[in-house]
Amino acid sequence: MTHADLFSRHVSRLQAKTEKALAEAGFESLVISSGTPFTFFVDDRDAPFEPTPHFAHWCPLTGPHHLLHVVPGRKPRVIRYAPEDYWYEQGGVTEGFWLPEFDLEEAGTLDAAWERIGTPSRAAFVGSETERATKLGLEANPKALVSRLDWNRSYKDDYEIRCLEQATVLGARAHRAAREAFATGASEREIHHAFVGAAGTTEAELPYTTIVALEKNGAILHYESKQTVRDGRVLLLDAGVQVRRYASDITRTTTTAACDPRFAAMVPAMEALEQQLVQESRPGRPYLDVHLEAHRGIGRILSEHGLLKVSAEEAYETGLTHPFFPHGIGHHLGIQVHDVAGQQSDPSGTPAPPPEEHPYLRNTRMIEPGHVFTIEPGLYFIPMLLRPFRSGPRSAAFDWDTIDALAPLGGIRVEDNVVVMESGPRNLTREQLPD
């Protein structure tokens, strides 16, 4: 099926879902803005522009200040903001496959764009241009509606899966290039440049800042610096690429022959655990269960590889895995890397917070077909988290000599992107990056 066909079905699905959400929230139409650039304080420079995710969900038109008007029973309308400006490139139509699905108009000024909306009654607005919206009598970002739109975004259709597939192809190619650079002794900065070059993109177009961590830097979960020290023994590379705003989010940990063999032996163990957890990510199972299975598996690795002197079960039951694995097993993935509605229990937005002992779990939903999420277990040597265990009754459970010997090597994380189907999980990442 062509991309245009998939997109046509995508818009039809969004139209039906949005009409239902509008009726349930008490509105007659919806206006979405593509967003406003963020300008740095006392400066005339803008940050790289990121569109309103709900606009990007409907339309791949790039650039700020565009408007989408959705009215039940009518073809959706896009008003493209297209000023005459020789200073900056304007957001334009880079691909035409989506054009037949909208009535497209153009406006040369912001006032003209908003005048095209008119004064619809009982209309909702989603986006950052709230002052203009409220002047027209639109209700800005109503929770009852936004929660329903977020909920709908957590189910991906075939068009969205196609975009994720394409982002995965580029992400896998870039990962291979970066790991090849690492094998030659490249620095973090050089590895990053290899990734960006192979992805065929610019840094500003990446879905998130690359995490290129050699050795101890791998213990900083969102490490973003790019140091120039070369010849690392361990590379933790967490990086992705986006296509029409849909992102891949891939992590691999790679070692060299110079790495401590005790650390190197844990990398394939974590790989095996990660792939086991992917296979357990099936419809009808709470995502929390997968997270807890990750802690059990990490307890087994810690015990079998001599970092803990207790059994895997005792490590799990007494919480000794937490300082080594302090984050959640993953998150929803889509238009946003950390996609929405992971902690909703229903379309109306009833909160579903994580358990108190697992505060960083981003997804507390029941796994369902159409969900796309990451599975990313980690095992790290983070001094601030291990420090409280160095004294007290549980200190004897740790082999501190081994831990201290391996701590300079940072940590291990393995991450794949998973599409949930009726028949079970589909591992998008391994199709393109099997190791």
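**Exercise 1. Two positive phi angles**

In the loop between β9 (242-243) and β10 (246-247) sits R244; determine whether R244 is buried or exposed.

Solution.
- The model is a predicted one: local features need pLDDT of at least 70, side-chain atom pairs count only at pLDDT 80 or more, and totals for chains, interfaces and linings use all residues. Residues are numbered from 1 along each chain as its sequence is written, and side-chain values use heavy atoms, with hydrogens and water left out.
- Helices (H or I, at least four residues) and strands (E, at least two) are DSSP runs, numbered from the N terminus.
- R244 has a positive phi, near 50°, and is a residue other than glycine. Most residues other than glycine have a negative phi.
- The relative accessible area of R244 is 19%, and R244 is therefore buried. The classes are buried (under 20% relative accessible area), exposed (over 50%) and partly exposed (in between), with a 1.4 Å probe and protein chains only.
- A second case is D231, which is not a glycine and has a positive phi of about 60°. D231 belongs to the loop between β7 (211-214) and β8 (234-239).
- D231 counts as exposed because its relative accessibility is 56%.

**Exercise 2. Cysteines**

Explain why C163 forms no bond with the closest cysteine sulfur.

Solution.
- A disulfide is a covalent bond between the sulfur atoms of two cysteines. Here the criterion is a pair of cysteine sulfur atoms within 2.5 Å.
- The sulfur closest to that of C163 belongs to C59 and is 12 Å away, which is too far for a bond.
- The structure contains zero disulfides.
- C163 is buried, at a relative accessible area of 0%, and C259 also counts as buried, at 6% relative accessibility.

**Exercise 3. Cavity and pocket**

State which residues line the largest cavity, and how the lining of the second largest pocket divides by class.

Solution.
- On a 1 Å grid over the protein atoms alone, a cavity is a set of points where a 1.4 Å probe fits but cannot get out; a pocket is an open set with protein on both sides within 12 Å along at least five of seven lines; lining residues have an atom within 4 Å of a point.
- Grid points are joined across faces, edges and corners, and a volume is the space filled by probe spheres set on the points.
- The whole structure has one cavity of 30 Å³ or more. The largest cavity encloses about 70 Å³.
- Its lining consists of L14, K17, T18, I32, H54, H57, W58, L149 and N152. Two or more of these residues come from each of α1 (3-25), α2 (53-58) and α5 (143-153).
- The second largest pocket has a volume of about 720 Å³. Its lining has 32 residues, and L221, H222, H327, H338 and R362 lie nearest its centre. α9 (287-304) and α11 (383-386) each give two or more residues to that lining.
- By class, the pocket lining has 13 nonpolar, 11 polar and eight charged residues. Ala, Val, Leu, Ile, Met, Phe, Trp, Tyr, Cys and Pro count as nonpolar, Asp, Glu, Lys and Arg as charged, and the others, Gly among them, as polar.

**Exercise 4. The nonpolar core**

Identify the element that gives the most to the largest nonpolar core.

Solution.
- A nonpolar core is a set of buried Ala, Val, Leu, Ile, Met, Phe, Trp, Tyr and Cys residues joined through side-chain atoms within 4.5 Å.
- The largest one has 40 residues, and F263 and F324 have the most contacts inside it.
- Two or more residues each come from α8 (261-279), α9, β12 (372-375), α12 (400-406) and β15 (416-421).
- The element sought is α8, with seven residues.
- Neighbours within four places in sequence aside, the contacts (heavy atoms within 4.5 Å) of F324 include L302, L307, F381 and I403.

**Exercise 5. Helices α5 and α9**

State how many residues of α5 are buried, and whether H291 is buried or exposed.

Solution.
- Nine of the 11 residues of α5 are buried; among them are L149, D150, W151 and N152.
- Their cover includes α1, β1 (29-33), α2 and β5 (123-126).
- H291 is in helix α9 and counts as buried, at 2% relative accessibility.
- Sequence neighbours within four places aside, H291 is in contact with F325, H327, G328, I329, H358 and L361.
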